[in-house]
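Me: Please take one part of this model and go through it closely. Start at its end, then work outward to whatever surrounds it.

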Amino acid sequence: MAPGLVTAEKAERGKVPTDVWWHTIVPTNGKEKTGYPSQKPEGVLRRVVQASSSPGSWVLDFFAGSGTTGAAARQLGRRTVLVDNSSEALAVMQRRLGTSGITYLDVQGEHLTCPEDVPAALF
Ligand SMILES: C[S@@+](CC[C@H](N)C(=O)[O-])C[C@H]1O[C@@H](n2cnc3c(N)ncnc32)[C@H](O)[C@@H]1O
């Protein structure tokens, strides 16, 4: 529930699980912001990863965009495979996640040294 809507009475009753999650947008001037148009907040993806995997397990995102799933999975000690067919997404992921401990591959499984030029990533 939106923080402003939580009255003292509702807080006293405790939290009832619902099918709607309240979460702020990616802060417009925060360091989390990548500029990728459909970027999701890390807090949402942390919750998804935490609820559906265990430390050390694999997390796969076939539509990785700016790599939010990968960033959340890394923070939580998961291994990840991220895929996207957009070269812009690939460039954003590389800037966000770096290259240390990451393998970038094209769709043929060839290693990429300049992922910005090729529309696929896997690591
Ligand atoms: C909604 S965005 C994902 C945003 C991501 N959750 C984030 O936080 O940045 C969906 C992504 O799917 C990618 N996409 C769409 N069709 C695809 C396809 N057929 N194969 C791979 N990626 C695809 C798009 O390039 C886009 O980056």
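**The third helix and its surroundings**

Reply: Just after α3 comes Gly77, with a positive phi near 75 degrees. Helices here are DSSP runs of H or I with at least four residues, strands are E runs with at least two, and both are numbered from the N terminus. The model is predicted: local features need pLDDT of at least 70, side-chain atom pairs count only at pLDDT 80 or more, and totals for chains, interfaces and linings use all residues. Residue numbers start from 1 along each chain as its sequence is written.

First, the setting. The protein chain has four helices and two strands. From the N terminus, their order is α-α-β-α-β-α. Helix α3 covers residues 68–75 and joins β1 and β2 in a right-handed β-α-β unit. Right-handed means that, with the strands pointing away from the viewer, the path from the first strand over the helix to the second runs clockwise.

Is α3 enclosed or open? It is largely enclosed by the rest of the structure, because six of its eight residues are buried. Buried means 20 or more other C-beta atoms within 10 Å of the residue's own; exposed means 12 or fewer; partly exposed lies in between; C-beta atoms are placed from the backbone. The buried residues are Thr68, Thr69, Gly70, Ala71, Ala72 and Ala73. Their cover includes α2, β1, β2 and α4.

Now the strands. β1 (residues 58–61) and β2 (residues 79–82) pair in the parallel sense, over four bridges. Pairing requires at least two DSSP bridges between the strands. Trp58 stands opposite Arg79 in β2. Leu60 has Val81 as its bridge partner. Side chains alternate along β1: Val59 and Asp61 point to one face and are buried, while Trp58 and Leu60 point to the other and are not. β2 also has two faces. Thr80 and Leu82 form the covered one, Arg79 and Val81 the uncovered one.

Two loops deserve a look. Gly56 sits in the loop between α2 and β1. With 8 other C-beta atoms within 10 Å, Gly56 is exposed. Gly56 and Leu76 are 20 residues apart in sequence, and their C-alpha atoms are 8.8 Å apart. Ser66 is in the loop between β1 and α3. Ser66 is buried, with 27 other C-beta atoms within 10 Å. Leaving out residues up to four places away in sequence, Ser66 touches Thr34, Tyr36, Gln39, Ala89, Val92, Met93 and Arg96. Contact means that two C-beta atoms, placed from the backbone, lie within 7 Å. Ser66 and Glu88 are 22 residues apart along the chain, with 8.6 Å between their C-alpha atoms.

Ala89 is one of those partners of Ser66. Beyond its neighbours within four places in sequence, Ala89 is in contact with Tyr36, Ala64, Gly65, Ser66 and Asp84.

Which residues have the most contacts inside the largest nonpolar core? They are Val49, Ala64, Ala72, Ala73, Ala89 and Met93, in a core of 13 residues. Helices α2 (42–52), α3 and α4 (87–97) each supply at least two of its residues. α4 gives the largest share, five residues. A nonpolar core is a set of buried Ala, Val, Leu, Ile, Met, Phe, Trp, Tyr and Cys residues joined through C-beta atoms within 7 Å.

The ligand comes next. It is surrounded by 13 residues, and the closest are Phe63, Gly65, Ser66, Thr68 and Ser86. A residue is near a molecule or strand if its C-beta atom, placed from the backbone, lies within 6 Å of it. The shell around the ligand holds four nonpolar, seven polar and two charged residues. In this classing, Ala, Val, Leu, Ile, Met, Phe, Trp, Tyr, Cys and Pro are nonpolar, Asp, Glu, Lys and Arg are charged, and the others, Gly among them, are polar.

For contrast, take Val44 in helix α2. Val44 has 15 C-beta neighbours inside 10 Å, so it counts as partly exposed. Its contacts are Trp21 and His23, not counting residues up to four places away in sequence.

Last, the whole chain. Of its 123 residues, 22% are buried. Among contacts with a separation of 6 or more, 45% link residues 24 or more positions apart.
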